[in-house]
Every structure is written in structure tokens, then in C-alpha cells.
Amino acid sequence: GRLDQLLARARLGHSAALVLRGEAGIGKSALLEYAAERAEDCRVLRTVGVEWEMELPFAGVHQLCAGLLEGGARLPAPQSAALSTAFGLSSGPQPDRFIVGLAVLSLLSNSAEERPLVCLIDDVQWLDHSSAQVLAFVARRLVAESIVLLFAEREPSQIEELGGLPELVVVGLADATARRLL
């Protein structure tokens with residue numbers, strides 16, 4: 001129900017972020033898939049944290065935004081340059097994460113002008129630190145962009161950047177309820 005509400009509000013021009021937390025195998029990824037299925041009139045972007053990519057700066061953000069890079073031309077020059085460097089499209093010193101965060105926010109906002117945007121971020125606990133910071137930065141600045149960011153993270157929470165964002169703890173069914181279901 002909560003996911004349906006967020007999607008309905010995005011269709012009306014409101015943005016939101018939600019962190020789904022729970023133990024491994026409890027159904028967080030299934031809930032992300034549910035949201036993707038219900039977002040048929042929205043653009044859906046996905047990224048999945050991968051343990052062996054945790055040391056690669058901006059790997060998660062790159063996976064999420066790769067399909068939006070054609071919109072990079074609409075970004076202010078500093079944001080475009082920072083994103084281009086972060087994604088390895090141009091050379092230069094490591095870009096400032098604040099500017100990369102602004103660039104990602106602008107890129108997502110520009111895309112959401114066409115139709116609502118749903119960003120699914122799975123296995124957050126394995127995202128690289130730079131991506132976690134940028135996506136948390138974006139989540140805190142959403143207002144009326146028609147964007148929903150859904151994060152799925154294992155308990156216990158390991159990503160301090162997501163602290164303070166709205167969350168939904170996903171728990172298993174009680175034994176009696178599970179028996180009735182079966």
C-alpha cells in the first residue's frame with residue numbers, strides 16, 4: 001500500500017524517498033519489483049549494489065543514470081563536467097561529490113519532466129560510498145519533481161547516509177499467519 005501511495009503521488013507531481021530495510025531474503029527485492037510492475041506509466045531506472053564494485057567510485061550512480069546521459073547537455077557546465085569526469089567520459093581530478101550530487105539531481109529532475117521517474121536501488125549495503133552519498137543527497141532534496149527513490153538495504157543498517165530518510169522495515173509473517181497463507 002505504501003508503494004502504491006508513493007507512485008500515485010509521483011503521478012501528481014510529488015517526490016519521495018523510502019528505504020526498505022530487512023534481513024536477507026525477506027522480500028525487499030520483490031517489493032522493488034512490485035513497484036516496477038505498478039509503474040507502467042513511469043520511467044524506471046535501476047541500480048544494484050555489487051560487493052566487488054564497492055571500491056569503484058560512482059559505479060552505482062553510473063548504473064542508475066547511464067540511460068540518461070544524453071540529457072547531460074542540459075546541465076550547467078560545472079555539473080556536466082563533474083558528471084563526465086565521475087563517469088570516466090573525460091579526464092580530470094576526482095570531481096566534488098556535492099557537484100556530482102547536484103548533477104544527478106538535475107539529470108533525474110530533467111528526465112522526470114517528461115514522465116514520472118522511479119529509481120530502484122537494490123542491495124544498498126554494497127553500493128560504493130560515493131554513490132551512496134550522492135543518492136542520499138538527491139533523496140533529501142526531492143520536492144516536486146515526480147521522482148520516487150526506493151532503496152532496499154539489509155538489516156542492520158550499514159549506510160549512515162540514509163539515516164533520517166523515511167523507512168519501512170520489512171519483516172516476515174508470524175507462524176500462525178504463514179500457516180493460514182499456506
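Is Ser146 buried or exposed? Select Ser146 and find out: its relative accessible area is 12%, so the residue counts as buried. Keep in mind as you click around that this is a predicted model.

**Stop 1: two loops with a positive phi**

Stay on Ser146 for a moment. This serine sits in the loop between helix 6 and strand 4, and its phi is near 60°, a positive value in a residue that isn't glycine. For background, most residues other than glycine have a negative phi.

Now jump to Phe58, in the loop between strand 2 and helix 3. Phi is positive here too, near 70°, and again the residue is not a glycine. With a relative accessible area of 2%, Phe58 is buried.

**Stop 2: the sheet**

Switch to cartoon and pick out the strands. Five of them make an open sheet, and reading across it the order is 2-3-4-1-5, with parallel pairing. The edges are strand 2 (43-48) and strand 5, each of which pairs on one side only. On average, neighbouring strands in this sheet are turned by 15° against each other, direction ignored. In general, strands of a sheet pair through backbone hydrogen bonds, either parallel or antiparallel.

Start at the strand 2 edge. Strand 2 is joined to strand 3 (residues 117-122) by 6 bridges, and the two run parallel. To see a matched pair, select Val44 together with Val118 in strand 3: they stand opposite one another.

**Stop 3: strand 1**

Next, select residues 16-22, which make up strand 1. This strand is mostly covered, with 7 of its 7 residues buried. Show the side chains and look along the strand: Ala16, Leu18, Leu20 and Gly22 point one way, while Ala17, Val19 and Arg21 point the other way. Note that Arg21 is among the buried residues here.

Strand 1 has a partner on either hand. Toward strand 4 there are 7 bridges, running parallel; add Leu20 and its bridge partner in strand 4, Ala152, to your selection. Toward strand 5 the pairing is also parallel, over 3 bridges, and there Arg21 has Val169 as its bridge partner.

Hold on to Val169, which belongs to strand 5 (residues 167-169). Its relative accessible area is 45%, so Val169 counts as partly exposed. Put a distance label between the C-alpha atoms of Val169 and Gly22: you should read 5.8 Å, for two residues that are 147 apart in sequence.

**Stop 4: helix 6 and the aromatic pair**

Colour helix 6 (residues 129-140). This helix lies across strand 1, strand 3 and strand 4 (147-154), and runs at about 135° to strand 4.

How many aromatic pairs does a search of the whole structure find? The count is 1. Select Phe98 and Phe137: the ring centres are 5.5 Å apart and the planes meet at 85°, so the pair is edge-to-face. The two phenylalanines link distant parts of the chain, as Phe98 comes from helix 5 and Phe137 from helix 6, 39 residues apart. Turn on a surface and check their accessibility. Phe98, at 46% relative accessibility, counts as partly exposed, whereas Phe137, at 12%, counts as buried.

**Stop 5: helix 5**

From Phe98, follow the rest of helix 5 (residues 97-112). Its length works out nicely: at 1.5 Å a residue, the 16 residues should span 22 Å, and the end C-alpha atoms are indeed 22 Å apart. Many residues along this helix are on the buried list, including Val100, Val104, Leu105, Leu107, Leu108 and Asn110. Show what lies over them and you'll find, among other things, strand 2, helix 3 (59-65), helix 4 (77-86) and helix 6. Strand 3 and strand 4 are also among the elements that cover the buried residues.

**Stop 6: the cysteines**

Last selection: cysteine sulfurs. How many disulfides does the structure hold? There are 0. For Cys42, the nearest cysteine sulfur belongs to Cys119, 11 Å away. For Cys65, the nearest is again that of Cys119, at 7.2 Å. Cys42 has a relative accessible area of 5% and is buried; Cys65, with 0%, is buried as well.

Note on methods:
Residues are numbered from 1 along each chain as its sequence is written. This is a predicted model: local features need pLDDT of at least 70, side-chain atom pairs count only at pLDDT 80 or more; totals for chains, interfaces and linings use all residues. Side-chain values use heavy atoms; hydrogens and water are left out. Rings of Phe, Tyr and Trp (its six-membered ring) pair if their centres lie within 6.5 Å; planes under 30 degrees apart count as stacked, over 60 as edge-to-face and the rest as tilted. Helices (H or I, at least four residues) and strands (E, at least two) are DSSP runs, numbered from the N terminus. Buried means under 20% relative accessible area, exposed over 50%, partly exposed in between (1.4 Å probe, protein chains only). Two strands pair if DSSP finds at least two bridges between them. Axes are lines fitted to C-alpha atoms, for helices over the stretch in contact, and angles run from 0 to 180 degrees between N-to-C directions. Contact means heavy atoms within 4.5 Å. A disulfide is a pair of cysteine sulfur atoms within 2.5 Å. The expected span of a helix is 1.5 Å times one less than its number of residues.
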